[in-house]
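Colleague: Could you show me how to read the aromatic rings and the nonpolar core in a model like this one? I am new to this.

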Amino acid sequence: MKQITYNKYALYEYFVIEKYEAGIVLEGAEVKQLRAGNCNLKDSFCLLRNGEITLKNLHIPVYDKAGAFSTKDSKRDRKLLMHKQEIAKLAGKINEKGYTLVPLQLYFSGSLIKAEIALCKGKQNYDKKRTIAERDQKRALDREIKNYK
């Protein structure tokens, strides 16, 4: 499994409840850009409509050597592929207040590109401050352990 990109901002904004793997529908030029590592998951999110999951705001730059066959929209909606049972399970959980679907990472699984999406619950400001404080404490502890040796 080779990671293409990771959405570390999502872990700051949300509590991750469950993780799922989904396929993603792409065009050939987009795959070339992903193989080069050119994409951005920040500000992207998933919508569930009509029994389909759509990934919005995933930025994959336009491949300049693709010619007339490439789409000109770098932030177009991309369909995610999952089983109907998984989608139905997610639909029931998303309808609860405060839950959302957030993409965490894109990675290669063999020759296929997969998206890891997570069922998340939003954090309040005090939760975010606590996350920052815990990270700083861990960093200080690691620094002390390194200096002790």
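Modeller: Happily! Let's start with one ring: tyrosine 9 has 39% relative accessibility, so tyrosine 9 counts as partly exposed (buried is under 20% relative accessible area, exposed over 50%, partly exposed in between, with a 1.4 Å probe and protein chains only). This is a predicted model, where local features need pLDDT of at least 70 and side-chain atom pairs pLDDT 80 or more, while totals for chains, interfaces and linings use all residues. Residues are numbered from 1 along each chain as its sequence is written, and side-chain values use heavy atoms, without hydrogens and water.

Colleague: How is a pair of aromatic rings described?

Modeller: By the distance of the centres and the angle of the planes. Here tyrosine 9 and tyrosine 12 form a tilted pair, 6.3 Å centre to centre with 40 degrees between the planes (Phe, Tyr and Trp rings, the six-membered one for Trp, pair with centres within 6.5 Å; under 30 degrees is stacked, over 60 edge-to-face, the rest tilted). Tyrosine 12 is partly exposed, at 26%.

Colleague: Which residue lies over the face of tyrosine 9?

Modeller: Lysine 42, at 5.1 Å from the ring centre (the rule asks for NZ of Lys or CZ of Arg within 6 Å of the centre and within 35 degrees of the ring normal).

Colleague: And what about the nonpolar core?

Modeller: In soluble globular proteins, nonpolar side chains tend to be buried together. The largest core here has 24 residues, and Leu80 and Leu106 touch the most other members (a core joins buried Ala, Val, Leu, Ile, Met, Phe, Trp, Tyr and Cys through side-chain atoms within 4.5 Å).
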